[in-house]
Amino acid sequence: LNCDGNPIPTIVYGTQEWTVENACHITYRDGTPIPQVTDDDEWFNLTTGAWCYYDNDPTKPILYNWYAVMGIHDNDPNTPNKEFAPEGWHVPSDTEWTTLEEYLIANGYNYDSSTTGNEIAKSIASTSGWDSSTDLGAAGNDQSLNNSSGFNAFPEGNRNYNGSFYNEGLIAFFWSTTQYNANFAWRRRLDSFNSSLLRGFVLKRNGFSVRLVKD
């Protein structure tokens with residue numbers, strides 16, 4: 001169930017079924033609470049799972065660090081990790097994000113209906129909430145034309161590794177489960193002024209939005 005207690009809306013894209021709302025649960029699959037961390041210094045020093053509201057404001061969306069996504073609930077290496085996602089679901093890997101991108105591109109979801117190059121930002125961005133942009137094909141340009149795919153990515157911003165909050169209205173960040181190295185993991189990024197869904201790696205201590213894929 002989603003944050004409102006309703007079934008989580010999903011859409012099938014090719015061989016995958018994705019949630020089209022961000023995760024907002026605050027327990028692992030087995031019911032163990034994921035700690036809410038508001039203090040900046042505490043957030044900075046975490047190597048275990050945590051969540052927060054953007055700006056620590058309960059009216060704003062929920063962000064998770066990468067450790068929560070991976071179910072790393074304590075500092076004991078001998079303890080098995082928890083499952084983050086509800087039964088039947090998982091957080092996408094970097095490869096699963098790429099599969100989604102390639103499906104959308106091949107099926108004409110680029111803003112100019114081309115089927116090469118990554119210009120899918122508008123098709124997956126929400127129809128409101130983005131800082132305005134004059135760049136053709138950007139999520140912030142003529143937002144009423146956004147979201148033809150139904151993915152509905154909203155620019156919730158992020159919590160930086162140092163605890164500060166940034167980019168509300170400007171960027172949607174989503175975790176993958178795939179590590180880049182011991183301290184960094186792969187993510188996807190959607191900007192109000194860009195026409196692509198961008199891939200990159202960031203510190204695991206960042207707080208980002210999370211989507212789920214059906215097992």
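This is a guided tour of one protein model, stop by stop, with a suggestion at each stop of what to select and a note on what is found there. The model is a predicted one, and the numbering to use in your selections starts from 1 along the chain as its sequence is written.

**The β1-β2 hairpin**

Begin by selecting residues 10-13, which make up strand β1, together with residues 16-19, which make up strand β2; the two strands pair in the antiparallel sense over four bridges. With both strands displayed, colour Thr10 and look across to β2, where Thr19 stands opposite. Then do likewise for Val12, whose opposite residue in β2 is Glu17. Two residues lie between the strands of this hairpin, and Gly14, which is in the turn, has a positive phi of about 65 degrees.

**Two further positive phi values**

Next select Asn56, which is found in the loop between β3 (51-53) and β4 (62-64). Its phi is near 55 degrees, a positive value in a residue other than glycine. Is Asn56 buried, partly exposed or exposed? With the limits set at under 20% for buried and over 50% for exposed, Asn56 counts as partly exposed because its relative accessibility is 28%.

From there move to Asp142, which lies in the loop between α4 and β6. Asp142 is not a glycine either, yet it has a positive phi of about 50 degrees. At 42% relative accessibility, Asp142 also counts as partly exposed.

**Along the loop between α4 and β6**

Stay in this loop and select Gly129, which lies between α4 and β6 and counts as partly exposed, with a relative accessibility of 39%. A distance label drawn from Gly129 to Gly88, C-alpha to C-alpha, should read 31 Å, while the two glycines are 41 residues apart in sequence.

Pro155 is the next residue to pick, again in the loop between α4 (121-124) and β6. Its relative accessibility is 1%, so Pro155 counts as buried. Now add Glu168 to the selection: Pro155 and Glu168 are 13 residues apart in sequence, and their C-alpha atoms are 5.9 Å apart in space.

**Arg159 in strand β6**

Select residues 158-159 to bring up strand β6, in which Arg159 lies. Arg159 has a relative accessibility of 0% and therefore counts as buried. Which backbone oxygens should you display around the side chain of Arg159? One belongs to Thr38, and it lies 2.6 Å from a polar atom of the Arg159 side chain. Another belongs to Gly163, and in that case the separation from a polar atom of the Arg159 side chain is 2.9 Å.

**The β8-β9-β10 sheet**

Now hide what has been shown so far and select strands β8, β9 and β10, which in that order form an open sheet with antiparallel pairing. Strands β8 (171-179) and β10 (197-203) stand at the edges, and because each has a single partner strand, one side of each is left without a neighbour in the sheet. From one strand to the next, the twist averages 30 degrees.

For a closer view of one pairing, keep β8 and strand β9 (residues 184-191) on screen; the two run antiparallel and are joined by six bridges. Phe173 is a good residue to colour here, with Arg189 in β9 standing opposite.

Continue past the end of β9 to Asn194, whose place is in the loop between β9 and β10. Asn194 counts as partly exposed, at 22% relative accessibility. Select Gly137 as well: Asn194 and Gly137 are 57 residues apart in sequence, whereas their C-alpha atoms are 7.2 Å apart in space.

**The largest pocket**

For the last stop, turn on a surface representation. Rolling a probe the size of a water molecule over the atoms shows where empty space is left. The largest pocket has a volume of about 290 Å³. Which residues should be selected to bring its centre into view? Of the 15 residues that line the pocket, Cys3, Glu21, Asn22, Pro61 and Glu156 lie nearest its centre. If you colour the lining of this largest pocket by class, eight residues come out as nonpolar, three as polar and four as charged.

Methods:
Predicted model: local features only at pLDDT ≥ 70, side-chain atom pairs only at ≥ 80, totals over all residues. Heavy atoms only, no water. Pairing = 2+ DSSP bridges. Axes fitted to C-alpha atoms, helices over the stretch in contact; angles between N-to-C directions. 1 Å grid on protein atoms, 1.4 Å probe; cavity = no way out; pocket = protein on both sides within 12 Å on 5 of 7 lines; lining within 4 Å. Points joined across faces, edges and corners; volume = space filled by probe spheres on them. Nonpolar A, V, L, I, M, F, W, Y, C, P; charged D, E, K, R; others polar. Buried < 20%, exposed > 50% of the residue type's maximum accessible area, 1.4 Å probe, protein only. Polar contact = N/O pair within 3.5 Å; in protein donor to acceptor, adjacent residues only side chain to side chain.
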